[in-house]
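I opened the notebook to go through this structure one item at a time. The entries follow the order in which I looked things up.

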Amino acid sequence: MLNGPFVLAIDQGTSSTKTVIFDGEGKVVARGNEPLHTTYLDGGLVEQDPQAIFENVLTSVSKCMADLSSKGGRIQDIRSCGISNQRETFVLWDRAGQPLHPAVVWQCKRSTAVCEQLRAAGLEEMIRQKTGLLADPYFSGSKVIWLNSYHEGVKTAMAAGNAYFGTVDTWLLHKLTGGKAYLTDHTNASRTLFFNLETLSWDEELLRSFGLENLHLPDIQPSSSFFGETDFEGLLPNPIPVTAMIGDSHAAAFGEGCFGPGIAKATLGTGSSILMNIGPEPKPSHQGMVTTIGWSAGDRVEYALEGVIVTCGATIEWLKTNLGLFSDIRETESMANAVKDSGGVYLVPAFSGLGAPHWDMNRKASITGLTFNSNKNHIVRAALESIPFQIKDVITAIESDTGIALQELKIDGGMTSNGFVVQMLADLLEKPVVNLGFPEVSALGAAYLSGLHSGVYPNIDYLKTLCEGHLSVSPDLRNGQVRATYRGWQETINASAQVYITH
């Protein structure tokens with residue numbers, strides 16, 4: 001028999017919706033997962049069907065409820081619900097709740113020219129100062145400008161004051177509450193290009209500059225607060241409160257325990273998102289990071305700096321698929337350990353440019369330092385080493401931007417199973433690296449924030465106790481070789497950049 005109270009967490013991601021039910025000790029008691037279709041069109045357009053996103057969530061929740069019931073858990077013991085969502089993806093709808101256009105996904109590149117126009121108009125500095133972000137297609141605002149310029153239905157609705165904007169959290173809440181709630185949280189608002197980090201409100205000057213002053217925007221609340229009630233279209237016998245909404249990367253950071261300044265998380269997936277808590281004041285980055293809101297609860301708002309690495313696990317996948325250096329990614333750890341070092345070989349994984357803090361999107365990937373003594377183990381090791389090197393670059397830049405030293409790094413994602421990478425990260429950062437070993441960290445963060453508000457989890461100190469006991473890898477401070485190798489990486493990055501510029 002499973003004992004409540006429970007918290008239901010929905011993690012609505014780009015490729016699927018995961019629903020997870022947690023108990024009062026933060027343990028998983030039930031799961032449900034449903035894949036989601038994405039449409040990729042010519043010209044870098046990426047879209048999803050707004051109604052399909054909502055139905056996808058309902059299916060995932062239904063599967064999770066069935067799982068709970070099959071294990072003897074009582075649906076009546078679900079106290080509250082939290083939602084984490086794919087960031088920057090948004091929906092526009094009209095007063096009747098009908099979508100004006102498919103959901104535009106964060107990966108969509110349709111607004112590249114719009115961003116160039118914003119920069120040419122001299123708006124980049126104002127955007128950076130007010131929002132902490134860059135004029136980049138990644139963020140929602142530039143794509144809303146694009147739709148208002150090139151889509152007749154959106155343009156007409158916007159002119160008539162009949163266009164309602166929402167990131168996925170807001171759209172789901174609108175649908176789940178039958179149109180009663182029109183709200184978002186600080187983290188999702190901070191990814192739109194419309195939100196002022198200082199005033200914690202929508203910025204009228206920016207909206208006017210973008211020609212979007214007629215756009216309806218949701219009210220903004222702390223990530224952990226009361227957003228409305230839902231019975232998930234009758235899946236529950238009685239409505240439960242939605243008491244958390246938060247962007248997925250922020251949710252992962254909260255789930256991993258980034259509660260105070262100097263605690264960072266890195267997701268080691270295809271690429272990597274690194275978020276470090278910088279405390280209760282926003283700080284600008286001068287090195288290509290974005291300033292964002294980490295999480296908020298009550299009157300407490302914690303800011304973060306975020307750096308994005310374009311290529312992380314994708315490098316290793318490329319060695320396997322395109323070069324055939326191994327047949328299973330799990331072989332790479334023993335291959336790297338089969339040689340004492342990379343033999344002076346460095347792999348700069350700029351397959352689609354270099355992200356933070358270098359931001360050289362025209363850069364091409366390179367392998368340098370090869371000799372007749374180099375073999376495939378050296379290349380594999382150099383590829384694996386590029387992951388900790390890039391993370392170190394980002395962490396060093398964040399420390400320099402903020403004056404806040406890294407305390408520890410929490411990690412999640414597929415590459416965390418590689419012991420060579422994890423140990424090297426700890427040695428290079430000279431700080432503990434904590435591996436949760438848990439695939440649903442975004443759902444966990446949403447559950448923690450929801451349970452904080454609904455009383456399932458008493459306070460942050462209690463959550464800290466739930467975050468203890470995870471696998472922590474300590475640095476080997478005697479490993480001087482790793483620092484020498486890193487100096488070689490920095491020289492390689494800088495030398496390649498100069499070569500690239502001169503030719």
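**Entry 1. A buried charged pair**

I started with R110 and E47, and found both of them buried. I then checked how their side chains meet: they form a salt bridge, 2.9 Å from N to O. The pair links distant parts of the chain, 63 residues apart. R110 sits in the loop between β8 (103-104) and α2 (112-120), while E47 belongs to strand β5 (residues 45-48). I note that this is a predicted model.

**Entry 2. Overall form**

I stepped back to the whole protein. I list 16 helices and 24 strands. The radius of gyration is 23 Å, close to the 23 Å that the globule rule gives for 503 residues, so the protein is as compact as a globular protein of that length. I also took the span of the C-alpha trace along its principal axes, which is about 70 × 60 × 40 Å.

How many of the residues count as buried? I get 59% of the 503. I turned to contacts between residues at least 6 apart in sequence; 71% of these join residues at least 24 apart. The accessible surface is about 19400 Å², and carbon and sulfur atoms hold 51% of that.

**Entry 3. Charges and salt bridges**

I counted charged side chains next. There are 37 positive and 53 negative ones. The centres of the two sets lie 4 Å apart. My search of the whole structure for salt bridges gave 20.

I looked at K63 and E34. Their closest N and O atoms are 2.6 Å apart, and they form a salt bridge. K63 lies in helix α1 (residues 50-70) and E34 in strand β3 (residues 28-35), so the pair ties together parts that are 29 residues apart in sequence. I put K63 down as partly exposed, at 40% relative accessibility.

I then looked at K410 and E408, whose side chains meet in a salt bridge at 3.0 Å, N to O. Is K410 buried or exposed? I have K410 as buried, because its relative accessibility is 7% and the cut-off for buried is under 20%.

One more item is a network. Salt bridges link R87, E88, R191 and E306.

**Entry 4. Helix α4**

I went along helix α4 (residues 140-150) and checked its burial. Eight of its 11 residues are buried, so the helix is largely enclosed by the rest of the structure. I wrote down the buried ones: S140, G141, S142, K143, V144, I145, L147 and N148. What covers them? The cover includes β7 (90-93), β8, α2, α5 (152-159) and β9 (164-167). I had already met β8 and α2 in Entry 1, on either side of the loop that holds R110.

**Entry 5. Backbone exceptions**

I searched the backbone for unusual angles. Most residues other than glycine have a negative phi, and most peptide bonds are trans.

I found a cis peptide bond between G4 and P5, with omega about 0 degrees. P5 is in the segment before β1 (6-12). I also found a cis bond from A356 to P357, where omega is near -5 degrees. P357 lies in the loop between β20 (346-348) and β21 (366-368).

W359 is found in the loop between β20 and β21 too. I read a positive phi there, near 45 degrees, and W359 is not a glycine. W359 is partly exposed, with a relative accessible area of 33%.

I checked E430 as well. Its phi is positive, about 55 degrees, although E430 is not a glycine. E430 sits in the loop between α13 (419-429) and β23 (433-435). I get 38% relative accessible area for E430, so I enter E430 as partly exposed.

**Entry 6. Around N33**

I closed with N33, which lies in strand β3. N33 is partly exposed, with a relative accessible area of 41%. Which residues is N33 in contact with, leaving aside its neighbours within four places in sequence? I find S16, T17, K18, S60 and K63. K63 is the residue I had paired with E34 in Entry 3. I also took the C-alpha to C-alpha distance from N33 to Q12. The two are 9.9 Å apart in space and 21 residues apart in sequence.

How values were computed: Residues are numbered from 1 along each chain as its sequence is written. This is a predicted model: local features need pLDDT of at least 70, side-chain atom pairs count only at pLDDT 80 or more; totals for chains, interfaces and linings use all residues. Side-chain values use heavy atoms; hydrogens and water are left out. Helices (H or I, at least four residues) and strands (E, at least two) are DSSP runs, numbered from the N terminus. The radius of gyration is taken over C-alpha atoms; the globule rule is 2.2 Å times the number of residues to the power 0.38. Buried means under 20% relative accessible area, exposed over 50%, partly exposed in between (1.4 Å probe, protein chains only). Contact means heavy atoms within 4.5 Å. Accessible areas come from the Shrake-Rupley method with a 1.4 Å probe; for residues, only the protein chains shown count as cover. Lys and Arg count as positive and Asp and Glu as negative; His and the chain ends are not counted. The place of a charge is taken as NZ of Lys, CZ of Arg, CG of Asp or CD of Glu. A salt bridge is a side-chain nitrogen of Lys or Arg within 4 Å of a carboxyl oxygen of Asp or Glu.
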